[in-house]
Amino acid sequence: MIGRLNHVAIAVPDLGAATATYRDTLGAKVSEPVDLPEHGVTTVFVELPNTKIELLKPLGEKSPIAKFLEKNPDGGIHHLCYEVDDIEAARQKLVDEGARVLGDGKPRIGAHGKPVLFLHPKDFIGTLVEIEQA
Ligand code: CO
């Protein structure tokens with residue numbers, strides 16, 4: 001069911017420093033910071049030839065990554081995003097398999113303007129998984 005790896009998201013305490021690491025040390029192409037208030041994050045997109053890295057910094061009071069950074073003050077891998085062709089069909093299969101969809105269980109529009117779902121890390125080997133309709 002899942003297709004390409006769309007992105008790896010890394011929560012970071014210092015977006016400027018993390019961007020410099022990817023741009024200068026690793027020589028990657030990086031975007032300007034983009035505020036996504038509805039997701040509670042500011043993001044820098046790192047473009048790689050075969051996938052993307054998203055550097056995420058908390059934005060606002062109730063950021064979904066604030067707690068993660070409390071536990072991981074140096075930052076760390078926050079989630080993986082896999083592409084699917086049909087998010088409703090994917091959601092149904094996942095629910096039928098017993099996987100827990102986070103939030104109200106319905107797809108919402110993600111950072112790339114496409115519908116996404118997040119899946120409980122306890123159902124996926126300790127990894128928060130995002131599913132995006134590509
Ligand atoms: Co993501």
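The legends below describe close-up views of a predicted model.

**View 1. The cobalt ion and its three protein donors.**
The cobalt ion is coordinated by NE2 of His7, NE2 of His79 and OE of Glu130, at 2.0 to 2.1 Å. Read along the chain, these donors follow the spacing H-x71-H-x50-E. His79 belongs to strand E6 (residues 76–84) and Glu130 to strand E9 (residues 128–133), so this pair of ligands ties together parts of the chain that lie 51 residues apart in sequence. Both His79 and Glu130 are buried. The remaining donor residue, His7, stands opposite Lys52 in strand E5, and this links the view of the metal to the strand pairing shown next.

**View 2. Strand E5 and its pairing with E1 and E4.**
Strand E5 (52–58) pairs with strand E1 (5–11), and the two run in the parallel sense over five bridges. With E4 (41–47), strand E5 pairs in the antiparallel sense, here over seven bridges. E4 and E5 form a hairpin, with four residues between the two strands. Two cross-strand positions can be followed in this view: His7 stands opposite Lys52, while Val41 stands opposite Pro58.

**View 3. Helix H1, its buried face and its two ends.**
Which residues of helix H1 (residues 15–25) are buried? They are Leu15, Ala18, Thr19 and Tyr22, and, seen down the helix axis, they fall within an arc of 100°, so they line one face of H1. The cover over these buried residues includes strands E1 (5–11), E2 (29–30), E4 (41–47) and E5 (52–58). On the face turned away from the buried side, H1 carries the exposed residues Asp24 and Thr25. At the start of the helix, a side-chain oxygen of Asp14 reaches to within 3.1 Å of the backbone nitrogen of Gly16. After the helix comes Gly27, whose phi is positive, near 70°.

**View 4. The largest nonpolar core and the surroundings of Leu15.**
The largest nonpolar core holds 12 residues in all, namely Val8, Ile10, Val12, Leu15, Ala18, Tyr22, Ala28, Val44, Val46, Ile53, Leu55 and Leu80. E1, H1, E4 and E5 each supply at least two residues of this core, and H1 gives the most, with three residues. For Leu15, once neighbours within four places in sequence are left aside, the residues in contact are Pro33, Thr42, Val44, Leu55 and Lys57. Another core lies apart from the largest one; it has 10 residues, among them Leu94, Ala99, Leu117 and Val129.

**View 5. Helix H3, its buried side and its two ends.**
In helix H3 (residues 87–96), the buried residues are Ile87, Ala90 and Leu94, and these cover an arc of only 60° around the axis, which puts them on the same side of H3. What covers them includes E6, strand E8 (115–119) and E9. Leu94 is also among the residues of the 10-residue core that lies apart from the largest one. At the N-terminal end, H3 is capped by Asp86, with a side-chain oxygen lying 3.0 Å from the backbone nitrogen of Glu88. Just after the helix, Gly98 takes a positive phi of about 95°.

**View 6. Ser63 in the loop between E5 and H2, with Ala66 in the helix.**
Is Ser63 buried or exposed? With a relative accessible area of 8%, Ser63 is buried, because it falls under the limit of 20% that applies to buried residues. Its place is in the loop between E5 and H2, where its side chain reaches the backbone oxygen of Gly40 at 2.6 Å. Not counting residues up to four places away in sequence, Ser63 touches Gly40, Val41 and Pro58, and two of these, Val41 and Pro58, stand opposite each other in the pairing of View 2. Ala66 lies in helix H2 (residues 66–71); with a relative accessible area of 30%, Ala66 is partly exposed. The C-alpha atoms of Ala66 and Asn6 are separated by 23 Å, the two residues being 60 residues apart along the chain.

Technical notes. Residues are numbered from 1 along each chain as its sequence is written. This is a predicted model: local features need pLDDT of at least 70, side-chain atom pairs count only at pLDDT 80 or more; totals for chains, interfaces and linings use all residues. Side-chain values use heavy atoms; hydrogens and water are left out. Buried means under 20% relative accessible area, exposed over 50%, partly exposed in between (1.4 Å probe, protein chains only). The arc is that of the directions from the helix axis to the C-beta atoms. Contact means heavy atoms within 4.5 Å. A polar contact is a pair of N or O atoms within 3.5 Å; within protein, one must be able to donate a hydrogen and the other to accept it, and residues adjacent in sequence count only if both atoms are side-chain atoms. Donors are N, O and S atoms within 2.8 Å of the metal (3.2 Å for Na, K and Ca); water is not among the atoms, so sites may look incomplete. Two strands pair if DSSP finds at least two bridges between them. A nonpolar core is a set of buried Ala, Val, Leu, Ile, Met, Phe, Trp, Tyr and Cys residues joined through side-chain atoms within 4.5 Å.
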